[in-house]
Every structure is written in C-alpha cells, then in structure tokens.
Amino acid sequence: MSEFQEAIDFLQELQEERDFSKRCKEQTTKIITLLGSKQELCVNKALLELEELNTFEMPSYHRTQIWDVISILESTKI
C-alpha cells in the first residue's frame with residue numbers, strides 16, 4: 001500500500017467518527033481529493049491543509065490521528 005493510500009485511509013476513518021465535526025469532515029474531504037489527484041505539489045498542499053485542520057477545535061485523539069497522517073506524508077517528501 002502506498003503512503004498516499006495509507007494517509008487517505010486514515011482520513012476516511014476519521015470522517016466516519018461520529019464526533020468528528022462537519023467542518024473537519026469537509027476539510028478532510030478536500031485533503032483526500034488533493035492526495036487523490038497526485039499532482040506535483042499535492043503532498044505540500046495536503047500538509048498545509050492538515051496544519052490548518054489541526055487548529056480546529058477537536059478531541060486530542062483526533063488530533064493525534066491528524067499528526068499520524070502528517071507523519072506519513074512527511075515521510076514521502078524524503
């Protein structure tokens with residue numbers, strides 16, 4: 001499984017959480033679309049969106065999951 005697909009899977013799992021806010025779900029949909037496009041700068045754009053998402057009000061366990069996705073995407077930049 002590619003790192004892109006792993007990150008997308010994590011984000012889709014987050015979207016299925018009942019207590020994940022509508023605003024956060026909308027942001028993750030945008031990030032999933034970016035990663036699915038496989039454009040040249042999609043990882044950088046997705047990381048920026050994830051950083052913005054991380055500023056939203058959310059439970060700490062969701063924040064930890066966001067950090068996991070950031071780590072996965074950061075590893076693709078090496």
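Which residues touch the most other members of the largest nonpolar core? I opened my notebook with that one, keeping in mind that this is a predicted model.

**Entry 1: the core**

I looked up the core and found 22 residues in the largest nonpolar one. Leu11, Leu35, Leu50, Leu53 and Leu73 touch the most other members. Then I checked which elements give two or more residues to this core: they are helix 1 (3–16), helix 2 (22–37), helix 3 (42–53) and helix 4 (60–76). Helix 3 gives the most, with six residues. I jotted down a general point beside this: in soluble globular proteins, nonpolar side chains tend to be buried together.

**Entry 2: the overall picture**

Next I stepped back to the whole chain. I counted four helices and zero strands, and reading along the sequence gave me the pattern α-α-α-α. For the extent, I noted that the C-alpha atoms fill a box of roughly 30 × 25 × 20 Å along the principal axes.

How does the radius of gyration compare with that of a compact globule? For 78 residues such a globule would have a value near 12 Å, and the protein has 11 Å, so the two agree.

I also looked at burial and surface. Buried residues make up 38% of the 78 residues. The protein exposes about 4,900 Å², and carbon and sulfur atoms supply 50% of that area. As for contacts between residues at least 6 apart in sequence, 54% join residues at least 24 apart.

**Entry 3: Leu50 and Ile31**

I picked Leu50 from the core list and asked what it touches beyond its neighbours within four places in sequence. My list reads Leu11, Ile31, Ile66, Val69, Ile70 and Leu73.

I followed one of those partners, Ile31, which has its place in helix 2. Is Ile31 buried or exposed? Its relative accessibility is 0%, so Ile31 counts as buried. Ile31 and Leu50 are 19 residues apart in sequence, and their C-alpha atoms are 7.5 Å apart in space. Leaving aside neighbours within four places, Ile31 is in contact with Leu11, Ala46, Glu49, Leu50 and Leu53. I was pleased to meet Leu11 again here, as Leu11 is on the list for Leu50 too.

**Entry 4: Leu14 in helix 1**

I turned to Leu14, found in helix 1. Because its relative accessible area is 0%, Leu14 is buried. Not counting residues up to four places away, Leu14 touches Phe20, His62, Gln65 and Ile66. For a distance within the chain I took Leu14 and Glu3: they are 11 residues apart in sequence and 17 Å apart from C-alpha to C-alpha.

**Entry 5: a loop residue**

Where does Asn54 lie? I found Asn54 in the loop between helix 3 and helix 4. With a relative accessible area of 13%, Asn54 falls under the 20% cut-off, so Asn54 is buried. Asn54 touches Arg63, Ile66 and Trp67, again not counting residues up to four places away in sequence. Ile66 was familiar by now, being a contact of Leu14 as well.

**Entry 6: rings and a charge**

My last look was at the rings. How many aromatic pairs are there? The count comes to zero. I did find a charge over a ring, though: the charged end of Arg23 sits over the ring of Phe56, 3.9 Å from the ring's centre.

Methods:
Residues numbered from 1 in each chain as written. Predicted model: local features only at pLDDT ≥ 70, side-chain atom pairs only at ≥ 80, totals over all residues. Heavy atoms only, no water. Phe/Tyr/Trp six-rings, centres within 6.5 Å; stacked < 30°, edge-to-face > 60°. Lys NZ or Arg CZ within 6 Å of the ring centre and 35° of its normal. Rg over C-alpha atoms; globule rule 2.2 N^0.38 Å. Buried < 20%, exposed > 50% of the residue type's maximum accessible area, 1.4 Å probe, protein only. Contact = heavy atoms within 4.5 Å. Areas by Shrake-Rupley, 256 points an atom, 1.4 Å probe, with all protein chains shown as cover. Core = buried A, V, L, I, M, F, W, Y, C linked by side-chain atoms within 4.5 Å.
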